Amino acid sequence: MSSAQETKLPTVTSLGVSIDTITNADPTTIATRWLESFAQAVQKNNVDGVVSLLTDDAWWRDVLAMTWDFRSFHNKDEIQAFLHDRLSFARMSQFKLSFAAIDNPYDDLAWIRAHYTFESHVGGCSGVFRLVPVSGPRGSTWKAFNVFTNLESLKGHPESLGPLRDFDPNHGKWLDKRRRESEYADRDPEVLVVGGGQSGLEIAARLKLLGVDTLICEKQARVGDQWRHRYAALCLHDVVWYDHMPYIPFPENWPVYCPAQKLADWLEAYAKSMELNVWTSTTVRDAKQEADGKWAVTVDRGDTSRVVRVDHVVFAIGVGGGTPNMPDIPGKEKFQGQILHSTQHDKALDHAGKKVVVVGACTSAHDIASDYADNGVDVTLYQRSPTYIMTCKEGMPRIMKGVYWEGGPPTDVADLIDHSLPVWFKKQFNRRVTRDIAEADSAILKGLDKRGFRMHFGDEDSGLMVMVLERLGGYYLDVGASQKIIDGDIKLKSDPKGISQFTETGIKSGDGSELKADVVLFATGYGDPREPIRKILGPELGKKLPQIWGLPKEGEVPGCWKELNIPNCWLIMGNFAMCRFYSKRLALPFVEDDNG
């Protein structure tokens with residue numbers, strides 16, 4: 001596995017140049033010349049010529065354009081082997097520079113970032129390359145330390161947007177048309193999506209605009225209920241510019257941090273506005289793959305059951321499949337109070353006048369404990385393992401500003417900026433950002449440390465990003481709860497040994513101490529997301545499922561936004577930004593598979 005230490009940043013010291021050499025350069029002229037040389041070498045299948053345009057420590061990330069997969073390659077040897085295998089196959093041509101700019105994130109770090117388009121043998125593509133001057137005996141030469149190739153569209157299968165929208169007037173026929181489309185009385189869909197949260201809606205919207213007939217089956221009574229019926233204090237901790245959904249961005253007056261109930265209504269409105277076919281109060285009971293590769297999926301809708309035959313099944317079941325991770329602690333049968341999981345919690349005033357222990361120390365635990373404190377409830381946060389703490393006030397501008405922020409680039413451009421850099425490079429860069437955030441948050445962090453709250457700074461001190469991709473947890477993006485812990489409004493029990501057992505009146509810690517409680521609430525996240533999938537697919541297919549999260553050698557998430565080691569069985573999962581970008585990349589192979 002690559003690591004932050006093994007990956008080098010292209011500092012001016014390592015390059016042997018001054019920062020002015022980069023910041024005073026003409027980005028358009030330099031990028032144009034480099035792209036011309038790159039295009040010539042690519043179109044001649046001249047692997048050595050392409051590699052000569054890269055730094056020794058270069059990174060190349062490909063998303064479907066050359067590998068029909070998500071791949072990252074590091075250093076000239078790896079990239080050369082990759083190009084020998086895939087360059088001639090991709091048949092890339094028609095390279096055009098879109099624009100170029102200079103990024104200067106630190107005093108010793110700057111580069112030219114250039115966006116371009118090209119064609120492959122299957123469709124239209126976009127890309128990004130980043131250039132730095134490399135000092136040599138004959139002066140400096142501009143070379144790429146990062147190249148990104150990305151499939152955007154398939155030939156013959158454009159999205160029905162803009163000039164391809166429906167131009168025909170519709171007088172009195174639209175409602176009946178929508179009823180027929182969504183009821184599937186005389187046909188089966190091509191694709192069945194299990195789950196109608198943001199990930200299910202986004203992949204269905206992508207497929208719809210590619211002309212793929214798609215049905216979403218959602219077990220809740222209304223779209224958005226998975227947000228609507230969570231705890232009342234729930235609010236997104238990601239900024240609005242990062243969370244836009246495909247085709248319909250949030251309005252310009254949308255709050256930076258969106259409350260869950262407001263978001264629930266937005267998701268419902270999105271499904272209606274995009275004319276997505278959704279069956280609510282519908283459970284997918286099982287899915288069996290037939291000899292021809294199609295799926296026979298049994299769905300229970302209200303009091304009726306139906307088997308639909310579809311080409312593809314997409315699981316969009318949310319983080320952990322919505323299955324609570326509930327620790328099995330001895331003695332709970334003798335506890336005289338209430339035990340519940342955060343998924344069962346509504347509001348703090350339900351427990352007014354009681355002593356509450358919230359087990360967990362990440363986002364949900366802090367949100368719920370903060371709500372209890374705001375409503376005068378005696379609450380203790382029980383921490384079992386260290387947590388990464390970053391305030392949204394100090395952290396979000398340092399992570400997002402210039403990309404996902406007010407005045408930033410259009411969302412599709414921001415996504416290319418973000419996803420063009422491989423994870424291991426971003427990990428090294430984020431070590432600096434994490435250090436800057438910690439310095440800005442020093443008062444909060446010192447206060448928490450003084451109270452006994454245990455903290456870490458992520459894998460190799462890289463902060464938030466790697467934790468999101470490895471396990472979608474282990475952190476709290478602070479919006480006020482940390483100060484309440486410091487001030488004692490939220491009491492703290494931190495014990496790495498965890499809870500040893502329940503007593504009649506509370507819990508006993510591994511260190512031998514006892515904590516009185518009327519309510520013990522577990523904010524302990526969700527279980528293995530493969531379990532609810534296995535229940536639908538059955539044990540034989542279920543054992544083929546790959547690991548979902550984690551970061552193997554190349555830094556590419558192994559099991560998300562792709563097939564699940566089973567033909568025509570797919571998974572989409574993650575936050576709004578992940579699902580926005582990868583929903584498009586997940587949809588394109590459907591059209592290619594079905595149309596050759």
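In this predicted model, six strands make up an open sheet of mixed pairing, and their order across the sheet is β9-β8-β7-β13-β25-β24. The edges are formed by β9 (277-279) and β24 (562-563), each of which pairs on one side only.

Within that order, β13 sits beside β25. Strand β13 covers residues 312-315 and strand β25 covers residues 569-571; the two run parallel and are joined by three bridges. One point to locate in the structure is V313, whose bridge partner in β25 is C569. A helix also lies across this part of the sheet: α17, residues 530-537, crosses β7 (191-194), β13 and β25. The direction of α17 makes an angle of about 150° with β13.

Another helix to look at is α7, which spans residues 198-209. From the first C-alpha to the last, the twelve residues of α7 reach 17 Å, close to the 16 Å expected at 1.5 Å a residue. How many of the twelve residues of α7 are buried? Eleven are, so α7 is largely enclosed by the rest of the structure. Buried here means under 20% relative accessible area. The buried residues of α7 include the charged residues E202 and R206, along with Q198, S199, G200, L201, I203, A204, A205, L207 and L209. Just after α7, G211 has a positive phi of about 85°.

Helix α7 also contributes to a pocket. Which element gives the largest share of the lining of the second largest pocket? That share comes from α7, with three residues. The lining as a whole has 20 residues, and those nearest the centre of the pocket are S160, K208, L209, M274 and E275. The space in this second largest pocket is about 580 Å³. L209 therefore appears twice in this account, as a buried residue of α7 and as one of the residues nearest the pocket centre.

A separate set of strand pairings involves β1, β5 and β6. Strands β5 (residues 124-136) and β6 are antiparallel partners, linked by twelve bridges. With two residues between them, β5 and β6 form a hairpin. In this pairing, L131 has A144 of β6 as its bridge partner. Strand β6, residues 139-151, also pairs with β1, residues 54-63. There the strands run parallel and share six bridges, and W59 is matched with N146 of β6. Strand β6 is thus antiparallel to β5 and parallel to β1. In a regular strand, side chains alternate between the two faces of the sheet.

Terms used:
Residues numbered from 1 in each chain as written. Predicted model: local features only at pLDDT ≥ 70, side-chain atom pairs only at ≥ 80, totals over all residues. Heavy atoms only, no water. Pairing = 2+ DSSP bridges. Helix = DSSP H or I, 4+ residues; strand = E, 2+ residues; numbered from the N terminus. Contact = heavy atoms within 4.5 Å. Axes fitted to C-alpha atoms, helices over the stretch in contact; angles between N-to-C directions. Expected span 1.5 Å × (residues − 1). Buried < 20%, exposed > 50% of the residue type's maximum accessible area, 1.4 Å probe, protein only. 1 Å grid on protein atoms, 1.4 Å probe; cavity = no way out; pocket = protein on both sides within 12 Å on 5 of 7 lines; lining within 4 Å. Points joined across faces, edges and corners; volume = space filled by probe spheres on them.
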